Amino acid sequence: MTALTARICAALICLIWMSGTAASDIAAPPAYYQVTGVAAGDTLNVRLGPSGKADILGQLAPGAQPIEITATTLDGRWGRMPYFGEDGWVSMRYLSPIEVPLISNNGRQTGVPVGLNCGGTEPFWGLEIADADGVVLSTPDDGRVHYRIERAYVAAGYQSLPASLELVGETGKLLATFSNAACSDGMSDQTYGYALTVFAHQGQRRYLLGGCCNLRVAK
């Protein structure tokens, strides 16, 4: 083997290794599941990695839902879920897909789930989609303010996300834009499945917030 051939082979091995590492899991729009096939009195383990040998982070009871899966391994055997500030991994063998209610407005359905909880830092704020018609925004300056969903939009050329909700309340208006993207809150080891930006118009004040969302952590 010549020196040039050796260098080419080494580069190819490096590229294969890097590709395998980078593609160890596949991010996807969040999908929702229920724990099935687990005997009564038993539990489904949530692990720190996609392996039956990884440390156990917690357990899910039979029938627990909704389990929010934000990525899967290449072979589809393991799914990543948010679990109390951590990225947990569960066996897809024991999960069955379920439907969750989505925001729909004027005949247009979005990919934004009812019950989604969002938030960000500096300043700390939160947004909760309380029901199909109402949203609550919490900020240090204004406290908890209720808004109604006046109009929903889906980005041109897309089926469900990115989507924007036009919100109206007694103190002003919001435009909340959701996208399916791996999102970090900068404080925990949890990867969220949704990213959110909120443009607020409150009287003379205008400001922009950015944060992450998940439906909720199943217990």
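1. Eight strands close into a barrel, with antiparallel pairing, in the order β10-β11-β12-β13-β14-β15-β16-β17. On average, and with direction ignored, neighbouring strands of this sheet are turned by 30° against each other. The model is a predicted one, and the points below should be read with that in mind.

2. Strand β10 covers residues 117-120 and strand β11 covers residues 125-129; the two run antiparallel and are joined by four bridges. Within this pairing, G120 stands opposite W125 of β11. The hairpin of β10 and β11 has four residues between the strands, and E122 there takes a positive phi near 50°.

3. On its other pairing, β11 meets strand β12 (residues 134-139), again in the antiparallel sense and over four bridges. G126 has S138 in β12 as its bridge partner. The connection from β11 to β12 is a hairpin of four residues.

4. Is β11 enclosed or open to the surroundings? Four of its five residues are buried, so β11 is largely enclosed by the rest of the structure. For this statement, buried means under 20% relative accessible area.

5. The largest nonpolar core has 33 residues, of which L116, L127, I129, F178 and L196 touch the most other members. The elements giving two or more residues to this core are β11, β12, β13 (143-154), β14 (163-169), β15 (172-183), β16 (192-202) and β17 (205-214). The most comes from β13, which gives five residues. As background, nonpolar side chains in soluble globular proteins tend to be buried together.

6. Which residues does L127 contact, leaving aside its neighbours within four places in sequence? They are L116, N117, C118, V135, V136, L137, F178, L196 and V198. Of these contacts, L116, F178 and L196 are also named, with L127 itself, among the core residues that touch the most other members. N117 and C118 lie within the range of β10, while V135, V136 and L137 lie within that of β12.

7. A second core, separate from the one above, has 14 residues. Among them are Y33, V38, I67 and Y83.

Methods: Residues are numbered from 1 along each chain as its sequence is written. This is a predicted model: local features need pLDDT of at least 70, side-chain atom pairs count only at pLDDT 80 or more; totals for chains, interfaces and linings use all residues. Side-chain values use heavy atoms; hydrogens and water are left out. Two strands pair if DSSP finds at least two bridges between them. Axes are lines fitted to C-alpha atoms, for helices over the stretch in contact, and angles run from 0 to 180 degrees between N-to-C directions. Buried means under 20% relative accessible area, exposed over 50%, partly exposed in between (1.4 Å probe, protein chains only). A nonpolar core is a set of buried Ala, Val, Leu, Ile, Met, Phe, Trp, Tyr and Cys residues joined through side-chain atoms within 4.5 Å. Contact means heavy atoms within 4.5 Å.
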